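Okay, everyone, let's get going. I'll put the sequence and the model up, and then we'll walk through a few spots.

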Amino acid sequence: MVMKKNLLFSLSLLLMVLFTSSQTTPAPSPSSTPTDIIRILKKAGGFTTLIRLLTTTQVSTQVNAQLLNSNNGLTVFAPNDNAFQSLKPGFLNSLNDQQKNELIQFHVLPTFVSISNFDTLSNPVRTQAGDDPDRLALNITSSGNQVNLTTGVVNTTVGGSVYSDHQLAIYQVDKVLLPRDFFVPKPPPPAPAPAKTKAFSAKKSTEGPSFAADNDSAAISLNGIWLSLSVATIAAVFSL
């Protein structure tokens, strides 16, 4: 009886082992998808013009690469379509490719800034367009959850958070941030240095007339000698 029970137990254990080993191992969870600013803005909606400019200037490719290769993160101020429509008609078309790139880079901070940490920034805030305090200045002030932005041309406020993952923060703004660089006249280029006159040329120009005068004097002297000889020869002939 005992042997029969042991046999049944062994068979049951064997069946359990076989059943367990026959189960398919669950597939590992897929790795997280790299951050894509275009995908984020398309999902949010209302940023058609910004998406087009990010794409044509290739700033979107640059942003995605920075997010992969840097630990500093990025902060993007995203003007919605209404903000671009409020610009002067033809303004965007008047910009060349370099200016369009500068415009988009002016909306990107090279660090991640949460909505509660804007008061820790020092003005003027450096953007990816550069840090010229006169032509590319962006000043940010905050009071509670209200964040104010001013460029010297445009004043606006952050309208809300579009996206944040502790690496990339995107905030909606209701106006396009226009840098003063587009409106302040460029300084004139430096005047070219005066051409240097070669010493040889100067010497030649001063000595040239004297050399010519000497030649003329020599010619006159030779003519006088020949005239004198001719007169003497004629006189000798008539004296014979």
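So, how many helices and strands does the protein have? Eight helices and six strands, where helices (H or I, at least four residues) and strands (E, at least two) are DSSP runs, numbered from the N terminus. Starting at the N terminus, the order reads α-α-α-α-β-α-α-α-β-β-β-β-β-α.

Some housekeeping. This is a predicted model, so local features need pLDDT of at least 70 and side-chain atom pairs count only at pLDDT 80 or more, while totals for chains, interfaces and linings use all residues. Residues are numbered from 1 along each chain as its sequence is written, and side-chain values use heavy atoms, with hydrogens and water left out.

On confidence: pLDDT is the predictor's confidence in each residue, from 0 to 100. The protein averages 79, with 65% of its residues at 70 or more. Two stretches to be wary of are residues 24-31, where pLDDT is below 50 and the model shows zero contacts beyond near neighbours in sequence, and residues 199-205, also below 50 and also with zero contacts of that kind. Contact here means heavy atoms within 4.5 Å.

Now the big picture. Of the contacts between residues at least 6 apart in sequence, 64% join residues at least 24 apart. There are 240 residues, and 29% of them are buried, meaning under 20% relative accessible area (exposed is over 50%, partly exposed in between; 1.4 Å probe, protein chains only).

Next, the rings. The structure has five aromatic pairs; rings of Phe, Tyr and Trp (its six-membered ring) pair if their centres lie within 6.5 Å, with planes under 30 degrees apart called stacked, over 60 edge-to-face, and the rest tilted. One of the pairs is phenylalanine 118 with tyrosine 171, edge-to-face at 5.4 Å centre to centre and 65° between the planes. That pair ties together distant parts of the chain, 53 residues apart: phenylalanine 118 sits in the loop between β2 (108-109) and β3 (139-143), and tyrosine 171 in strand β6 (residues 168-173). Both of these residues are buried. Add Phe77, and ring pairs link Phe77, Phe118 and Tyr171 into a cluster.

Last stop, serine 60, in helix α4 (residues 59-69). Why does serine 60 count as buried? Because its relative accessibility is 7%. Setting aside neighbours within four places in sequence, serine 60 touches Ile37, Ile38, Leu54 and Thr55. For isoleucine 38, the C-alpha to C-alpha distance to serine 60 is 6.9 Å, across 22 residues of sequence.
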